[in-house]
Amino acid sequence: MLGKGDGDGGIAHGRLLVRFADAFLTRDEAELAPVRREVADRLGDEALVDSAAVVAAYEGLDRVADSMGIPIDAERIEPTAGLRKQLGVDGFASAANTKRP
Amino acid sequence: MATLSYDDSPVAVRQDLIESHRRTWRRLAEPGTWLDGATRVAIAAESRRAFDCDLCRQRKQALSPNAVQGRHDTQGGLPDALIDTIHRVMTDPSRLSHGWFKGVIDAGMPETDYVEAIGVACTTLAVDGFARAMGLPLRDLPEPLPGEPTRRRPVGAKQGPAWVPWVLPEDVTEDETGLYDHGATNVCKALSLVPQAAIGFFDVVTAQYLPGMTAIRDFGGRYRAINRAQIELLSARVSAINQCAY
């Protein structure tokens, strides 16, 4: 999940969007600026706005989840179990809270 | 109070997103449920300051965040325990633990203050993150407004599986109208001990992510200029790097 694979993963402009999220999280404008321009050039201005809005929303959402110690919703535990194991999500430190029923 | 705008953006910003951010700044300045306006704005300022804090940088690099002691680089004006809480949540959220949380509460911070403070900090982070992702300066924080917090705890709040008590949908009363307008997943319940914190936070989330549960469940629908797969790729990547298992 945190690897450096090539390609778009079957999602239009997937690789570029991953680079955008990665650059955003560095908090380094020198890294982010060229990727931002590329998103605007290749996907358009409206897509840049919506991409920026999503990555910023998840910065907040992740912290609300982690700071309140919420478990995964009961109906999501079983359907996501295989995927979580495959992606290594259960190895995250915060999984100690989220795996509780 | 100056009105938040994105007039300096070289790219047009959606009007609904601008309106959401304006409502957010208005709420931020007003007295909350447990914290007054000055404290809420100070928390927002501290949430920004945390990312330039040397102690937080050292803790982030340490094997255990508790291995490094010291003083935070701070704006000041808030209790030390609140400053430490804000900095940890902002800069190292995946290593927060139930033991740490209990220590904060046992040392005297009311759970209600904790929830409201984190609601303020995380809502501010979402607004600030948008500006940063767009290459814009952070918006000026609003001037706090006078007045007293309402100090109203939901009568239906009870301890569940989260660290903090929460309000289940069946326990919502008239006083919490609108609490679950955007769904009742656990992340929606997380801030429900302070309903106005939850309502304010999800006002921003629905403007920035997807506009409510109907859209969230509609995997084939198109609600933004990027498609659903692209939205989920971005959100999953951010959560993975943040090591958020939820």
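The side chain of Arg139(B) reaches the backbone oxygen of Ser5(B) at 2.8 Å. That makes a handy way into this structure, which is a predicted model. Arg139(B) sits in the loop between α6 and α7 of chain B, and with a relative accessible area of 9% it is buried. Leaving aside residues up to four places away in sequence, Arg139(B) touches Leu4(B), Ser5(B), Tyr6(B), Asp8(B), Trp25(B) and Arg48(B).

One of those neighbours does a bit extra. Asp8(B) forms a salt bridge with Arg139(B), and the closest N and O atoms are 2.8 Å apart. Asp8(B) belongs to the segment before α1 of chain B while Arg139(B) is in the loop between α6 and α7, so the pair ties together parts that are 131 residues apart in sequence. The two ends sit in unlike surroundings: Asp8(B) is partly exposed at 41% relative accessibility, whereas Arg139(B) is buried at 9%.

**More salt bridges**

Over all chains, the structure holds 22 salt bridges. Here are some of them, with the N to O distance for each.

| Residue pair | Distance |
|---|---|
| Asp50(A) and Arg14(B) | 2.9 Å |
| Arg42(A) and Glu38(A) | 3.0 Å |
| Asp8(B) and Arg139(B) | 2.8 Å |
| Asp84(B) and Arg88(B) | 2.8 Å |

Take Asp84(B) and Arg88(B), whose side chains meet in a salt bridge. Being four residues apart in helix α4 of chain B, they are separated by about one helical turn. Buried or exposed? Both Asp84(B) and Arg88(B) are buried. Over in chain A, salt bridges with shared partners join Arg19(A), Glu38(A) and Arg42(A) into one network.

Within that group, Arg42(A) and Glu38(A) both lie in helix α2 of chain A, again four residues apart and about one turn of the helix. Arg42(A) counts as partly exposed, at 46% relative accessibility. Glu38(A) is partly exposed too, with a relative accessible area of 23%.

**Where the chains meet**

Now for the contact between the chains. On the chain B side, 60 residues are in contact with 59 residues of chain A. The area buried between them is about 5600 Å², and carbon and sulfur atoms give 67% of that. Which three residues supply more of the area that chain B buries against chain A than any other three? They are Arg132(B), Arg237(B) and Tyr246(B), which together supply 14%.

Two salt bridges turn up across this interface. One of them joins the side chains of Asp50(A) and Arg14(B), at 2.9 Å from N to O. Between chain B and chain A there are also 18 residue pairs in polar contact, counting pairs with both residues at pLDDT 80 or more.

Which elements of chain B give two or more residues to the side that touches chain A? They are α4 (80-91), α6 (111-134), α7 (186-189), α8 (195-208) and α10 (228-241). Of these, α10(B) gives the most, with twelve residues. By residue type, the side of chain B that touches chain A divides into 43 nonpolar, twelve polar and five charged.

**The α1 helices**

Each chain has a helix called α1, and both have partners in the two chains. In chain A, helix α1 (residues 14-26) has 13 residues and reaches 19 Å from its first C-alpha to its last, close to the 18 Å expected at 1.5 Å a residue. This helix is mostly covered, with ten of its 13 residues buried. Among the buried ones are Leu16(A), Leu17(A), Val18(A), Phe20(A), Phe24(A) and Leu25(A), along with Asp22(A). The buried residues of α1(A) pack against α2 and α3 of chain A, and also against α6 and α10 of chain B. Just after the helix, Arg27(A) takes a positive phi of about 60 degrees.

On the chain B side, α1(B) has 15 residues that should span 21 Å at 1.5 Å a residue, and its end C-alpha atoms are 21 Å apart, which agrees. Buried residues of α1(B) include Leu17(B), Ile18(B), His21(B), Trp25(B) and Leu28(B). Trp25(B) also brings us back to the start, being one of the residues that Arg139(B) touches. The buried residues of α1(B) pack against α3 of chain A, plus α2, α6 and α8 of chain B.

Conventions:
Residues numbered from 1 in each chain as written. Chains lettered and ligands numbered in written order. Predicted model: local features only at pLDDT ≥ 70, side-chain atom pairs only at ≥ 80, totals over all residues. Heavy atoms only, no water. Contact = heavy atoms within 4.5 Å. Buried area = accessible area lost by both parts, 1.4 Å probe. Salt bridge = Lys/Arg side-chain N within 4 Å of Asp/Glu carboxyl O. Polar contact = N/O pair within 3.5 Å; in protein donor to acceptor, adjacent residues only side chain to side chain. Nonpolar A, V, L, I, M, F, W, Y, C, P; charged D, E, K, R; others polar. Expected span 1.5 Å × (residues − 1). Buried < 20%, exposed > 50% of the residue type's maximum accessible area, 1.4 Å probe, protein only.
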